[in-house]
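Subject: Structure handover

Hello,

Here is the structure you asked to take over. Please open it first, then read the notes below it.

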Amino acid sequence: MAAQLHTGRFPLMTPPRPSMTTMTADQLIASARRTIEIELNAVSALSAQLDDAFARACGLILAATGKVVVIGMGKSGHIGRKIAATLASTGTTAMFVHPAEASHGDIGMIASDDVVLALSNSGTTEEILALIAVLKRKAIPLISLTGKPDSELAQAAAANLDASVAEEACPLGLAPTSSTTAALVLGDALAMALLEARGFTREDFAISHPGGNLGRKLLVKVADVMHEGSELPRVELGTTLSSALLEMTSKGFGLTTVVNERDELVGVFSDGDLRRAIDSGIDIHGTTIDSLMSTDYRFIASSALAAEAALKMEETSVYVLIVSDQPGQLTGLVKMHDLLRANVV
């Protein structure tokens, strides 16, 4: 007999625990592999199920001046929330509305210029079917994503996305598994097709993800982190090596730029150049920078992404880049430390 828990006047019965079977490690792994194989087959079949209805659904969304409102109950609702989030982050304004709440006032969130995307594997979800008449009265286009193309929901929609699967991965055939995976993948396919149709760019994506690491990599420019003006180490042609060393030491970049009488960048003298000069026994007081500087230096434009500067540094093993926006122009300097501080690497 199950134990009873007493709270006040009414006893609560503890639910019976399911019987446990002993499975070996190999059997557990085999079960997992069977699930993965069934879901892989379900996803693979989606490609052949795509038809003109998919293009029609894309057309309805692209033509709409409002948002995509995604609705779904239960597990379909969870998938719907993810689809709405993916759409919203890739250029298609979208939101999720719970269909049961919609029947009790939240349908006011759905405007006449919106499009509704309804998820229901069976196509017979009562809470969704109850909204069809209102959507038609408001002339709001309805797109369905179902596992039953001949269902009431699919037949009422202007376009039905066929997410039918041969079988669920659940051995009881009860828990939504393959069907929810197929719905999720089909939602991603819809979002990516719309992304390409809108010409959505990496920069657009970054703007909608400003707080994340990806956003920083796609938004932060070299101009945002570079050093410029009086911070820059700079000596003129004809400067002695000893004077150049003083400039290098005071500015702390491990190099100095070299400019001509028109303040045009003509070369760079680095710590590496200094070591080679000392090894050759050069008189640091009598030798000018002209014969020691390098004219083959790494540079990047101020408009480039800071992440591009990091990549160039990694590829060339140079950790300070000259920032130059046109030949001969010294715009600034950027160090690897600046990129680390900006969290773009």
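How many bridges join strand β8 to β9, and do the two strands run parallel or antiparallel? Three bridges join β8, residues 234–236, to β9, and the strands run parallel. Please keep in mind that this is a predicted model.

**Strand β9 and its neighbours**

Within the β8 pairing, R234 has T257 of β9 as its bridge partner. To get from β8 to β9 the chain passes through helix α11, residues 241–251, and this β-α-β crossover is right-handed.

Strand β9 also pairs with β10, residues 265–270, through five bridges, and here the strands run antiparallel. T257 appears again, with V268 as its bridge partner in β10. T257 therefore has a bridge partner in β8, R234, and another in β10, V268; as background, strands of a sheet pair through backbone hydrogen bonds, either parallel or antiparallel.

The hairpin of β9 and β10 has five residues between the strands, and D263 in that hairpin takes a positive phi near 60 degrees.

Is β9 buried or exposed? Five of its five residues, 255–259, are buried, so the strand is largely enclosed by the rest of the structure. Buried here means under 20% relative accessible area. The side chains go two ways: L255, T257 and V259 point one way from β9, T256 and V258 point the other way, and all are buried.

**The five-stranded sheet**

There is an open sheet of five strands in the order β4-β3-β5-β6-β7, with parallel pairing. Strands β4 (94–96) and β7 stand at the edges with a single partner strand each, so one side of each has no neighbour in the sheet. From one strand to the next, the twist averages 20 degrees.

Inside this sheet, β3, residues 68–72, is joined to β5 by five bridges, and the two run parallel. I71 stands opposite A118 in β5.

**Pockets and a cavity**

Rolling a probe the size of a water molecule over the atoms shows where empty space is left.

The largest pocket holds about 340 Å³ of space. It is lined by 18 residues, and those closest to its centre are L255, V268, S270, D273 and V318. L255 is one of the buried residues of β9, and V268 is the β10 partner of T257. Which elements supply at least two residues each to this lining? They are β10, α12 (271–279) and β12 (320–323). Helix α12 gives the largest share, five residues. By class, the lining has eight nonpolar, four polar and six charged residues.

The second largest pocket holds about 250 Å³. Of its 19 lining residues, M73, K75, S76, S120 and N121 are the closest to its centre. Two or more residues of the lining come from each of α3 (74–89), β5 (115–120), β6 (142–146) and α7 (178–198). The largest share, four residues, is from α3. This lining divides into eight nonpolar, ten polar and one charged.

How many cavities of 30 Å³ or more does a search of the whole structure find? It finds one, with about 30 Å³ of space. Its lining consists of Q49, L50, D51, F54, N160, L161, D162 and L186. Strand β7, residues 159–162, provides the largest share, three residues. Four of the lining residues are nonpolar, two polar and two charged.

**Some single residues**

Most residues other than glycine have a negative phi. Two loop residues are listed here for a positive value.

- A139 has a positive phi of about 55 degrees, although it is not a glycine. A139 is in the loop between α5 (126–137) and β6, and at 59% relative accessibility it counts as exposed.
- S317, also not a glycine, has a positive phi near 55 degrees. S317 lies in the loop between α13 (306–316) and β12, and its relative accessible area of 53% makes it exposed.

The last residue is A189, in helix α7. A189 is partly exposed, with a relative accessible area of 32%. A189 and I83 are 106 residues apart in sequence, and their C-alpha atoms are 10.0 Å apart in space.

Regards

Definitions and conventions. Residues numbered from 1 in each chain as written. Predicted model: local features only at pLDDT ≥ 70, side-chain atom pairs only at ≥ 80, totals over all residues. Heavy atoms only, no water. Buried < 20%, exposed > 50% of the residue type's maximum accessible area, 1.4 Å probe, protein only. Pairing = 2+ DSSP bridges. Right-handed = clockwise from strand over helix to strand, strands pointing away. 1 Å grid on protein atoms, 1.4 Å probe; cavity = no way out; pocket = protein on both sides within 12 Å on 5 of 7 lines; lining within 4 Å. Points joined across faces, edges and corners; volume = space filled by probe spheres on them. Nonpolar A, V, L, I, M, F, W, Y, C, P; charged D, E, K, R; others polar. Axes fitted to C-alpha atoms, helices over the stretch in contact; angles between N-to-C directions.
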